[in-house]
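Work through the exercises below with the sequence and the model open side by side. Each task is followed by its solution.

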Amino acid sequence: MFLALACAPAKVRAGPAPPDGRCYLIDTDVEIDDVRAVGMLARTGRVAAVVVTEGISRTPEGVGALREVLRRGGQDGIPVIRGASPNPKWPEQLGPDLQTWRANAERLNHLLEAPIPAADPPTADIAEALRPMLAACRRISVLVIGPWTSFLRYAAEVLERVDRIIAQGRPYPDELTGQPEGFNCRYDLDSCFATFDLLVGRQQRADRRVRTAWVDIPNGLERCRTAEPGVDDNGRQLYAFRPVPEWIEALAQEKHMAPVIAAMLRANPEGWEKTSLWDDLAALYLLRPDVFAARGGHQQPCVSAATIRDMLTTALAADLPRWAAIR
């Protein structure tokens with residue numbers, strides 16, 4: 001019976017806008033770090049809508065999983081809609097690991113016995129679907145923590161009100177190889193390149209420039225005061241900024257979204273042991289840009305991984321509107 005209810009189409013509705021009309025729009029592919037990021041921002045009262053774009057998760061399963069997390073955390077008033085899927089030629093080139101990651105993410109790291117795909121039909125026009133949800137938003141901050149496929153479908157609708165775009169990863173001239181490397185770009189390379197062209201062109205307009213910040217784990221110890229390295233000089237991942245058992249236990253003792261995230265991480269430790277706080281950092285940048293600094297073309301944290309984890313805990317457990325201010 002539970003699965004039947006979970007799979008039924010949800011009535012997508014716009015929640016009340018913040019009094020100052022400053023909103024967040026999140027675009028995600030619902031990996032477990034995406035879920036943590038959405039959970040953090042849900043506590044601000046500023047999330048006008050979440051678009052689920054195919055990537056690690058497929059769109060029906062991603063929508064269902066994310067709605068379930070928000071429901072458990074008391075934030076089920078946030079609209080979650082189905083986004084777009086890319087040309088199949090791109091996902092097919094990513095190899096067998098994708099299916100392993102996908103199976104884990106769609107079950108919320110084994111928190112769910114099985115995926116609970118939403119029965120919502122594909123969204124014919126994402127821009128039109130978002131229009132009522134964003135109607136009361138005078139300024140919009142867009143967080144992109146998934147592929148760029150959906151963004152190109154609604155960008156023209158929202159860019160006039162967008163004050164900044166935060167993306168996980170690095171602009172590709174800033175990648176270690178000088179070419180797109182991150183999963184969010186490679187999953188739909190056509191959209192990644194098209195978006196980069198769009199945003200670079202937008203910077204040339206004197207009247208409607210859009211700030212775009214790329215956020216990633218640190219390059220190395222010497223780059224940013226006390227920050228532990230996340231990538232060494234040879235490009236090898238070090239994963240200093242990652243979930244750890246002590247952090248999960250601390251989350252379990254908190255309230256609101258924090259124990260929900262703790263339960264998800266506890267369900268399958270192998271699901272996160274080789275991961276980092278990629279999307280968590282991108283979401284935290286919206287709330288605490290003061291603890292980040294520029295490194296090349298991207299932003300990275302300038303405090304220790306332990307300090308970052310404490311900040312994430314505070315965000316997930318926050319009482320509204322403690323973290324509602326946009327800096």
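The exercises on this predicted model cover a helix pair, a sheet and some aromatic rings.

**Exercise 1. Classify the packing of helices α2 and α10 from the angle between them, and list the residues in contact.**

Solution.
- Step 1: Helix α2 spans residues 32-42 and helix α10 spans residues 257-267. Their axes lie 10 Å apart, at an angle of about 175 degrees.
- Step 2: An angle over 145 degrees counts as roughly antiparallel, and α2 and α10 are therefore roughly antiparallel to each other.
- Step 3: From α2, the contact involves Ile32, Val35, Arg36 and Gly39. From α10, it involves Met257, Ile261, Met264 and Leu265.
- Step 4: Sorted by type, the residues of this contact are six nonpolar, one polar and one charged.

**Exercise 2. Give the strand order of the open sheet, then place helix α2 against the sheet.**

Solution.
- Step 1: The open sheet has eight strands, and the order is β3-β2-β1-β4-β5-β6-β8-β7. The pairing is mixed.
- Step 2: At the edges are β3 (80-82) and β7 (292-295), each of which pairs on one side only.
- Step 3: From one strand to the next, the twist averages 25 degrees.
- Step 4: Take β4 (residues 139-145) and β5 (residues 162-168) as a sample pair: the two strands run parallel and are joined by five bridges. Isoleucine 140 has valine 162 of β5 as its bridge partner.
- Step 5: Helix α2 packs on this sheet and touches β1 (22-28), β2 (47-52) and β4. The direction of α2 makes about 170 degrees with that of β1.

**Exercise 3. Which geometry does the ring pair of phenylalanine 151 and tyrosine 154 have: stacked, edge-to-face or tilted? Treat phenylalanine 183 and tyrosine 187 likewise.**

Solution.
- Step 1: Rings pair if their centres lie within 6.5 Å; by this rule there are eight aromatic pairs.
- Step 2: For phenylalanine 151 and tyrosine 154, the ring centres are 5.6 Å apart and the planes are at 75 degrees, so this pair is edge-to-face.
- Step 3: These two residues are three apart in helix α6 (residues 151-158), which means that about one helical turn separates them. Both phenylalanine 151 and tyrosine 154 are buried.
- Step 4: For phenylalanine 183 and tyrosine 187, the centres are 5.3 Å apart and the planes are at 40 degrees, so this pair is tilted. Phenylalanine 183 and tyrosine 187 are both buried.
- Step 5: Phe151 and Tyr154 also belong to one aromatic cluster, together with Trp148 and Trp214.

Notes. Residues are numbered from 1 along each chain as its sequence is written. This is a predicted model: local features need pLDDT of at least 70, side-chain atom pairs count only at pLDDT 80 or more; totals for chains, interfaces and linings use all residues. Side-chain values use heavy atoms; hydrogens and water are left out. Axes are lines fitted to C-alpha atoms, for helices over the stretch in contact, and angles run from 0 to 180 degrees between N-to-C directions. Helices (H or I, at least four residues) and strands (E, at least two) are DSSP runs, numbered from the N terminus. Angles under 35 degrees count as roughly parallel, over 145 as roughly antiparallel, 65 to 115 as roughly perpendicular and the rest as oblique. Contact means heavy atoms within 4.5 Å. Ala, Val, Leu, Ile, Met, Phe, Trp, Tyr, Cys and Pro count as nonpolar, Asp, Glu, Lys and Arg as charged, and the others, Gly among them, as polar. Two strands pair if DSSP finds at least two bridges between them. Rings of Phe, Tyr and Trp (its six-membered ring) pair if their centres lie within 6.5 Å; planes under 30 degrees apart count as stacked, over 60 as edge-to-face and the rest as tilted. Buried means under 20% relative accessible area, exposed over 50%, partly exposed in between (1.4 Å probe, protein chains only).
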